[in-house]
Amino acid sequence: MNKAFADKEIDGVPAHRSVRDIEGPVDLAVVAVPAEHVPEVVAECGEHGVQGLVVISAGYAESGPEGRERQRELVRHARAYGMRIIGPNAFGVINTNPDVRLNASLANETPRPGRIGLFAQSGAIGIALLSRLHRRGGGVTGVTGVSTFVSSGNRADVSGNDVLQYWYDDPDTDVVLMYLESIGNPRKFTRLARRTAAAKPLVVVQGAGSAPQGHAVRATRLPRTTVSALLRQAGVIRVNTITELVDTGLLLARQPLPRGPRVAILGNSESLGLLTYDACLSEGLRPLPPLDLTTAASAQDFHAALARALADDTCDAVVVTAIPSVGEGAAGDAALAEALRSAAERVPGKPVLVVHVELGGLAEALSAATSTAPQAATPSATHPFRALDRLAAKAPEETSDAGPRLIPAYPAAERAVRALGEAVKYAQWQREAAAPGKVPEFENIDEKGAAQLIDGLLTRGQGLTLGADATCDLLGKYGIPVHRALPAPIPDDAAAAARTLGYPVALKATAPHLRHRADLGGVRLDLADEDQLRRAYAELTELFGSPDELRPVVQGMAPRGVDTVIRAVIDPAAGAVLSFGLAGAASQLLGDTAHRLIPVTDREAATLVRSIRTAPLLFGWRGSAPVDTAALEELLLRVSRLVDDHPEVVAVTLEPVVVAPHGLSVLGASVRLAPPPARDDLGPRTLPAY
């Protein structure tokens with residue numbers, strides 16, 4: 001170690017040349033030495049019984065292949081001693097609990113204690129978030145401050161998923177804010193996010209279009225808007241910027257959730273009220289006509305108007321707008337703040353937000369508590385990350401209110417309304433999550449038989465797209481019958497296939513450029529006898545080329561209906577995803593496809609069918625016969641079960657699925673298998689017992 005530590009104290013803090021010289025146990029060690037010296041420090045810490053490391057040192061996976069191998073060795077080395085690692089290349093961790101009072105970070109000052117948990121993969125973004133929360137806190141200890149802060153750096157070991165589990169259990173955290181540059185295990189993240197969001201708000205901004213150096217994840221194949229929608233289905237409040245992250249987090253920490261989208265607007269500026277009204281409409285809210293108190297309004301006028309708005313059963317939230325005409329200077333700001341706060345306390349169940357123009361003193365006054373700051377909640381453990389490895393089987397117990405719900409203030413109407421819109425959507429999600437439906441059981445699913453079939457198929461290669469027979473066999477294990485298509489390389493084979501299947505039949509060209517393209521003439525339907533079949537065969541080969549190019553097949557006719565497409569894929573950014581849409585060029589051009597995270601419940605399957613823009617075609621649009629959507633929902637649930645039960649199934653496509661007035665027919669199917677992803681755990685992921 002550096003000889004500078006030869007002194008017994010540095011700035012009044014006890015100092016030692018080596019961790020071996022420290023008497024007694026050490027919970028956490030912060031490693032800030034050049035990368036080449038880290039192994040020595042890790043060994044010393046492990047031998048001394050240190051339980052966790054925060055590695056500030058850089059020079060690991062972010063620096064290239066050599067650094068990536070150095071990072072793997074770091075994790076292996078630490079795991080050999082049962083230690084967990086935050087980092088490397090981390091900004092550090094902070095825990096403001098008075099029983100911990102830990103600032104193991106590069107932050108210049110410890111943030112105020114509060115109820116917000118903050119996670120940032122980027123050190124620079126972490127600094128910005130801490131600074132913004134500090135400025136917006138208004139000098140208040142309580143709900144506006146931070147309970148715990150984690151900057152994971154390269155997240156070689158402890159990840160956002162681990163910290164999310166900790167915050168789910170943590171009674172000191174009411175709101176979770178996360179800045180993510182990548183999601184290493186999206187399937188696990190969405191599962192944890194859904195569970196956490198049911199108990200407390202989780203706000204996420206994802207900052208990088210592609211994973212930065214040091215983050216070994218694959219790029220998503222889904223559009224960014226689709227990934228965002230999928231995360232919202234898991235209860236994640238997805239925002240676009242760190243400004244929105246702080247704006248939304250402060251509202252959720254300071255105010256109750258709105259019961260609905262109805263918004264009352266009042267203030268002393270007609271123009272600002274109209275801007276707020278328009279912003280509400282843009283966010284999908286239902287604003288009431290703005291109430292203009294005029295520029296002559298006093299603090300008492302604001303108090304009376306806010307009290308009336310909150311007492312009105314036709315509104316669920318109130319936005320107060322204010323311009324510099326109330327009072328003089330700080331005294332006027334303080335009077336208005338006290339008037340608004342006292343009115344809000346009369347109806348505590350509705351959120352109140354303030355939009356101010358050039359009234360910085362008002363924002364500060366609104367953030368100033370009039371009562372003594374509340375005592376911090378009793379911690380579940382004194383170790384800063386004792387709950388890191390504990391996954392509770394039930395929701396955390398209700399905690400008492402952390403003191404006054406301070407009124408958040410915003411310098412622009414669109415910022416306030418956007419935060420309110422996110423709170424409304426989250427409140428709606430929570431209400432729906434209380435009755436999420438269920439994943440039904442089906443008697444004719446042979447899960448064990450499917451597993452044996454998959455294992456046998458995978459022994460032939462590392463990954464493969466199944467042939468027609470294997471696809472039908474595997475889907476059949478889950479009660480998904482597929483209309484078999486028999487190959488017809490010559491006309492005589494086509495005739496023999498038709499006799500086997502029975503007339504009427506369809507003749508299809510399955511060449512890649514013609515597959516599912518009935519509009520090009522590569523499909524002939526309702527062939528009633530052998531003469532029609534042979535004429536159709538001759539026409540296809542004359543138009544499109546030889547049978548070797550066309551790859552023709554014969555298939556039995558299915559009842560007429562609406563052609564649809566069902567897909568399931570394992571996406572690197574979102575996990576297992578089930579998709580549904582109508583077949584055809586129109587839907588493809590419009591991007592009219594809906595998605596849900598797997599496993600899908602019966603309620604989610606019903607909403608999936610109804611969420612596409614072309615859904616009216618399934619329900620009797622313009623006098624057509626409604627189709628069997630119940631059978632369609634059951635098919636979606638069976639595909640979801642197949643992918644959820646067997647991680648080796650990485651892609652399923654059913655196209656087309658013809659949904660008739662009674663029943664449906666799967667006319668085309670493909671399945672791709674791959675070995676389950678190798679675990680990258682390099683040893684135990686549990687802290688030593690106390």
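**Figure 1. Valine 505 of strand S21 stands opposite glycine 556 in S23.** This close-up comes from a predicted model. S21 and strand S23 (residues 552-556) pair in the antiparallel sense, over 5 bridges. S21 also pairs with S22: 3 bridges join the two, and they run antiparallel. Here leucine 507 has arginine 524 of S22 as its bridge partner. Strands of a sheet pair through backbone hydrogen bonds, either parallel or antiparallel.

**Figure 2. Strand S21 (residues 505-509) is largely enclosed by the rest of the structure.** How many of its 5 residues are buried? The count is 5 of the 5, so the strand is largely enclosed. In a regular strand the side chains alternate between the two faces of the sheet. Both faces of S21 are covered. Val505, Leu507 and Ala509 lie on one side. Ala506 and Lys508 lie on the other, and these residues too are buried.

**Figure 3. Arginine 524 forms a salt bridge with glutamate 539.** The closest N and O atoms are 2.5 Å apart. The pair links distant parts of the chain, with the two positions 15 residues apart in numbering. Arginine 524 sits in strand S22 (residues 523-527). Glutamate 539 sits in helix H16 (residues 530-544). Glutamate 539 is partly exposed, at a relative accessible area of 38%. Arginine 524 also appears in Figure 1, as the bridge partner of leucine 507.

**Figure 4. Glu69, Arg72, Glu73 and Arg76 belong to one salt-bridge network.** Salt bridges that share partners join these four residues. One of the contacts runs between glutamate 69 and arginine 76. Their closest N and O atoms are 2.9 Å apart. Glutamate 69 counts as partly exposed because its relative accessibility is 38%. Arginine 76 is also partly exposed, at 31%. Side chains of opposite charge can pair when their charged atoms come close. Across the whole structure there are 28 salt bridges.

**Figure 5. Arginine 341 and glutamate 338 form a salt bridge within helix H10.** The closest N and O atoms are 3.4 Å apart. Both residues lie in H10 (residues 329-344). They are 3 residues apart, about one turn of the helix. Is each partner buried or partly exposed? Arginine 341 is buried, with a relative accessible area of 8%. Glutamate 338 counts as partly exposed, at 36% relative accessibility.

**Figure 6. Strands S3, S4 and S5 form an open parallel sheet.** The order of the 3 strands is S3-S4-S5. Why is one side of S3 and of S5 left without a neighbour in the sheet? Strand S3 (28-31) and strand S5 (84-86) stand at the edges, and each has a single partner strand, so one side of each has no neighbour there. Neighbouring strands of this sheet are turned by 20° against each other on average, direction ignored. Strand S4 (residues 52-55) is joined to S5 by 3 bridges, and the two run parallel. Valine 54 has isoleucine 86 of S5 as its bridge partner.

**Figure 7. The structure holds 2 aromatic pairs.** Phenylalanine 91 and phenylalanine 149 form an edge-to-face pair. Their centres are 6.1 Å apart, with 85° between the planes. This pair links distant parts of the chain, 58 residues apart. Phenylalanine 91 lies in the loop between S5 and strand S6 (92-95). Phenylalanine 149 lies in strand S9 (residues 146-151). Both phenylalanines are buried. Tyrosine 426 and tryptophan 429 have their ring centres 6.4 Å apart and their planes at 10°, so this pair is stacked. These two residues are 3 apart in helix H12 (residues 413-433), separated by about one helical turn. Tyrosine 426 is buried, at 3% relative accessible area. Tryptophan 429 is buried too, at 11%.

**Figure 8. pLDDT stays under 50 over residues 1-6.** The model has 12 contacts beyond four places in sequence for this stretch. Residues 680-685 also have pLDDT below 50. Beyond near neighbours in sequence, residues 680-685 have 12 contacts in the model. For the chain, the mean pLDDT is 85. A pLDDT of 70 or more is reached by 85% of its residues.

How values were computed:
Residues numbered from 1 in each chain as written. Predicted model: local features only at pLDDT ≥ 70, side-chain atom pairs only at ≥ 80, totals over all residues. Heavy atoms only, no water. Salt bridge = Lys/Arg side-chain N within 4 Å of Asp/Glu carboxyl O. Buried < 20%, exposed > 50% of the residue type's maximum accessible area, 1.4 Å probe, protein only. Helix = DSSP H or I, 4+ residues; strand = E, 2+ residues; numbered from the N terminus. pLDDT = per-residue confidence, 0-100. Contact = heavy atoms within 4.5 Å. Pairing = 2+ DSSP bridges. Axes fitted to C-alpha atoms, helices over the stretch in contact; angles between N-to-C directions. Phe/Tyr/Trp six-rings, centres within 6.5 Å; stacked < 30°, edge-to-face > 60°.
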